[in-house]
Amino acid sequence: MAFVIPFVVLLPATFAMGATLPAMEQVLARRALHGRVVAGAYAANTGGAVAGILISVFVALPVLG
């Protein structure tokens, strides 16, 4: 039960977060003349993930304890 309940609760949010980048890529690929727009979207996504980790480790953890 300690695994099943959190798995079921977090599954919809995890699925939605995982589906946003491929959906955004499809929208951008239709509008772009070259693959550079899609590459920029992936770079922004990666940069946001790195920033989120760094902020949570170096800002949120010391503040919250």
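1. A look at helix 1 is a good way into this predicted model. Helix 1 (residues 4-31) bends by about 40° at Leu 11, with a proline, Pro 12, following within four residues. Its 28 residues reach 41 Å from the first C-alpha to the last, which is close to the 40 Å expected at 1.5 Å a residue.

2. On the overall fold, there is pleasantly little to keep track of: the secondary structure of the protein chain comes to two helices and zero strands. With a radius of gyration of 16 Å, well over the 11 Å that the globule rule gives for 65 residues, the chain is more spread out than a compact globule. Its C-alpha trace spans about 45 × 30 × 10 Å along the principal axes.

3. How much of the chain is buried? Buried residues account for 6% of the 65 residues. The protein chain exposes about 5500 Å², and carbon and sulfur atoms supply 77% of that area.

4. Please also look at the nonpolar surface patch of about 1000 Å². Val 50, Ile 53, Leu 54, Ile 55, Val 57, Phe 58, Val 59, Leu 61, Val 63 and Leu 64 make up this patch.

5. Leu 54, one of the patch residues, is found in helix 2 (residues 36-64). Is Leu 54 best called buried, exposed or partly exposed? Leu 54 counts as partly exposed because its relative accessibility is 44%, and that class lies between the buried limit of under 20% and the exposed limit of over 50%.

How values were computed:
Residues numbered from 1 in each chain as written. Predicted model: local features only at pLDDT ≥ 70, side-chain atom pairs only at ≥ 80, totals over all residues. Heavy atoms only, no water. Patch = residues over 30% accessible without salt bridge, like charges linked within 9 Å, V, L, I, M, F, W, Y side chains within 5 Å. Areas by Shrake-Rupley, 256 points an atom, 1.4 Å probe, with all protein chains shown as cover. Salt bridge = Lys/Arg side-chain N within 4 Å of Asp/Glu carboxyl O. Buried < 20%, exposed > 50% of the residue type's maximum accessible area, 1.4 Å probe, protein only. Rg over C-alpha atoms; globule rule 2.2 N^0.38 Å. Expected span 1.5 Å × (residues − 1). Bend = angle between axes of the 7 residues up to and from the residue.
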